[in-house]
Amino acid sequence: MWLLKECSDLLSPFLSALCNMSLRTGVVPASFKTSVITPLIKKSSTDVNTLQNYRPISNLSFVSKLLECLVSNQLQSHVDTHSLLPPNQSAYRHGHSTETALLKVYSDLISALDSSSDHQSVLAVLDKTAAFDTADHSILLRRHERSYGVSGKLVHLIPLR
């Protein structure tokens, strides 16, 4: 990183051209998809000789992360400009978090309780942590096109796998 900062005036035109070419063609160079995987022990109190006690940490190159950030910023700008997200969605939105989602649910429950003593409220919570891993990626790509207007070469820049 220090070398990149030190030589930014020389490297900026090259990095800009490389990222612009990738955005224009929808092609991500194979080297951008290669990561260094480092095993990290989950808990220091576990046996270091047991493979299940480790989790893989995947580190991509700086240029790969730069392109990812550019795509993310452009996609976020498109989604925000055209108001494509539901108003109550907290994920992937600036200024929204699990805390704001929890406050909304809490506020709705309190309002329901205040509105009438005859009503009951039920809260069902689902853990969808691994749901994305089981999603049909062709359906997700069609959804990107139909709901968000992302199609053609741009679809290939969205990391679904």
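## Surface patch

On the surface, V105, L123 and V125 make up a nonpolar patch whose accessible area comes to about 280 Å² together. The structure described here is a predicted model.

One of the patch residues, L123, sits in the loop that runs between α4 (98–115) and α5 (137–148). L123 has a relative accessible area of 53% and therefore counts as exposed, the cut-off being over 50%.

## N53 in the β1–β2 loop

N53 belongs to the loop between β1 (36–41) and β2 (54–59). Despite its place in a loop, N53 is classed as buried because its relative accessible area is 18%, and buried means under 20%.

The side chain of N53 makes a polar contact with the backbone oxygen of D47, at 2.8 Å. D47 is also among the residues that N53 touches when those up to four places away in sequence are not counted. The others in that set are L40, I41, K42 and T46.

## H144 in helix α5

H144 lies in helix α5, the helix that spans 137–148. With a relative accessible area of 16%, H144 is buried.

A polar atom of the H144 side chain is 2.8 Å from the backbone oxygen of L140. The side chains of both N53 and H144 thus have a polar contact with a backbone oxygen: that of D47 for N53, and that of L140 for H144.

How values were computed
Residues are numbered from 1 along each chain as its sequence is written. This is a predicted model: local features need pLDDT of at least 70, side-chain atom pairs count only at pLDDT 80 or more; totals for chains, interfaces and linings use all residues. Side-chain values use heavy atoms; hydrogens and water are left out. Patches are made of residues with over 30% relative accessible area and no salt bridge: like charges are joined within 9 Å, nonpolar side chains (Val, Leu, Ile, Met, Phe, Trp, Tyr) within 5 Å. Accessible areas come from the Shrake-Rupley method with a 1.4 Å probe; for residues, only the protein chains shown count as cover. A salt bridge is a side-chain nitrogen of Lys or Arg within 4 Å of a carboxyl oxygen of Asp or Glu. Helices (H or I, at least four residues) and strands (E, at least two) are DSSP runs, numbered from the N terminus. Buried means under 20% relative accessible area, exposed over 50%, partly exposed in between (1.4 Å probe, protein chains only). A polar contact is a pair of N or O atoms within 3.5 Å; within protein, one must be able to donate a hydrogen and the other to accept it, and residues adjacent in sequence count only if both atoms are side-chain atoms. Contact means heavy atoms within 4.5 Å.
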